[in-house]
Amino acid sequence: MRESGILLPIFSLPSPHGIGCFSKEAYKWVDFLAKAGQKYWQILPLGPTSYGDSPYQSFSTYAGNPYFIDLEELVKAKYLTRAEVNACDMGDDERDIDYGKLYANRMPLLKKAYKRSKKHPDEEFAAFRKENGWWLEDYGLFMAVKDIFEGVSWDQWAEDIRYRWDNAMWYYKTNYEDEISFYAWLQYLFFKQWLKLKSYANEKGIRIIGDIPIYVAYDSADVWAHPDMFQLNEERKPAAVAGCPPDGFSADGQLWGNPLYRWDYHKKTGYDWWVKRIDNCFTLYDVVRIDHFRGFDEYFSIPAGDKTAVNGHWEKGPGIDLFNVLKSRLGEKDIIAEDLGYMTDTVRKLVADSGYPNMKVLEFAFDARDSSGSNDYLPHNYGTNCVAYTGTHDNETVFGWLGSITKAEKKALRVYLNRMTETDEELARELVRTAIASTAKMCIIPIQDYLLLDNTARINFPSTLGTNWRWRMKEADITKELTREIKRLCSLYGRV
């Protein structure tokens, strides 16, 4: 079956409270997807963000972002008043997220709501905390202790709690139970609201494509609680970190800084942590896109302390062994392999052996230096077991990209599409149509490309800080005309 969907992060949804969340606007978005004949809503990772605001650098691989909690539900529950919510400055730009204001003002509001909630003990919260204790207690303690040490990374905490000595664990758990409970309560609200929204989407025939990073952040509950799983030295600091080698886009490569896995340890444990992680993902999502899939074949290891990725080297990953274990423990799951970047024959074999659909991005297809027509991203080279995109959250918008490519690249594009005189706006529309018309069994288009927005609507500029993860859609962007046009296009090519 040929299907299609739209990429839009939760944070990019319209809302009156500074950031997209699980509010009525999210339900309206689901209604729009259904009316437009779509079957998928692709989002970005849902975890609580740390410094830099990236959803790919989270304090926990299991926890959800408290910014996504709908404050209107807390007003209904009488945990907050309308006046308190209205008085909270969370930013007033419909197109931009002010994370500084959210951190400074939204969290105190949530703490106020938590204190009031304690007047009426909630049995559902107690049950949630017990059921999820295997990850939630470490996360709640991690966040509470982080607050005590004024937000610094856990490797700068006092030695006793940094190394999780028994006496320190007892002390903090006993003396800061209320603070731990607050963070657990936020997770209760997050999961309750998100699963309600997901259920609504599923009832409308919309499946959620979630996105998980291959790596976890160093400053996270995962690394603090399970140091044996990662390549750390005796002081529990990274011995080597993740990234990408230098290429045509970056002379120094990309230095991500995430700690690398000890794959020998994971193999000895039967990949138990990975099984739990993926299993948990399928509670949150219907389909899971695994970011940087090539890292399971080979991963790039950069010496800790280096300022660039230049001195990194490749190491072997777990390969198909991990995915065989996942299939034997969890059964067949709907997984998308994000195999973008430097491709080798062994990566191609891993993707093929896994059976997972991979990704085809049109913005990577038009290289004027290669006139052979063999580029994997040209639509005539697609099979069916793949997902077609115009671009991803890491790319320029299609309209913005057309304004930034070279004359030779644009000529190659025009020749391929047989569109020699069209404007950039017309070419952008044609690229969207081309992705939808492709043989890929699934096609996902970022909403910015349907709206023909320029690069001011870009989600992320890799290897930069300060301007990413901020773009928001306006409610007025979604019109009846847009709904009809998307459904018409997808119907024309058998995706409805």
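Start with Cys386 in this predicted model. Select Cys386: at 1% relative accessibility, this residue counts as buried, because the cut-off for buried is under 20%. Now add Cys443 to the selection. The sulfur of Cys443 is the nearest cysteine sulfur to that of Cys386, 9.8 Å away, and Cys386 is in no disulfide.

Next, Cys490. Buried or exposed? At 0% relative accessibility, Cys490 counts as buried. Keep Cys443 on screen, since its sulfur is also the nearest cysteine sulfur to that of Cys490, at 6.8 Å. Cys490 is in no disulfide. A pair of cysteine sulfurs has to lie within 2.5 Å to count, and the count of disulfides comes to zero.

**Stop two: the second largest pocket**

Select Thr49, Phe59, Tyr67, Tyr103 and Met143. Of the 24 residues that line the second largest pocket, these are the closest to its centre. The volume of this pocket is about 520 Å³. Now colour by element. Helices α4 (99–117), α6 (133–148) and α9 (177–203) are the elements that give two or more residues to the lining. Which of them gives the most? Look at α4, which supplies six residues. Then recolour by residue class: the lining has 14 nonpolar, five polar and five charged residues.

**Stop three: the largest cavity**

Four cavities of 30 Å³ or more are counted. Go to the largest cavity, which holds about 230 Å³ of space. Select Pro45, Gly47, Ser60, Thr61 and Pro213 to find its centre; they lie nearest to it among the 26 lining residues. Show α9, β3 (207–212) and α12 (272–284) next. Each of these supplies at least two residues of the lining of the largest cavity. Keep α9 in mind from the previous stop, where α9 also gave two or more residues to the pocket lining. The largest share of the cavity lining comes from α12, with four residues. By class, the lining of the largest cavity has 16 nonpolar, seven polar and three charged residues.

**Stop four: the second largest cavity**

Move on to the second largest cavity. How much space lies in it? About 120 Å³. Its lining has 17 residues, and those closest to the centre are Thr392, His393, Pro446, Gln448 and Ile459. Select these five and centre the view on them. Then colour the whole lining by class: seven residues are nonpolar, six polar and four charged.

Terms used
Residues numbered from 1 in each chain as written. Predicted model: local features only at pLDDT ≥ 70, side-chain atom pairs only at ≥ 80, totals over all residues. Heavy atoms only, no water. 1 Å grid on protein atoms, 1.4 Å probe; cavity = no way out; pocket = protein on both sides within 12 Å on 5 of 7 lines; lining within 4 Å. Points joined across faces, edges and corners; volume = space filled by probe spheres on them. Nonpolar A, V, L, I, M, F, W, Y, C, P; charged D, E, K, R; others polar. Buried < 20%, exposed > 50% of the residue type's maximum accessible area, 1.4 Å probe, protein only.
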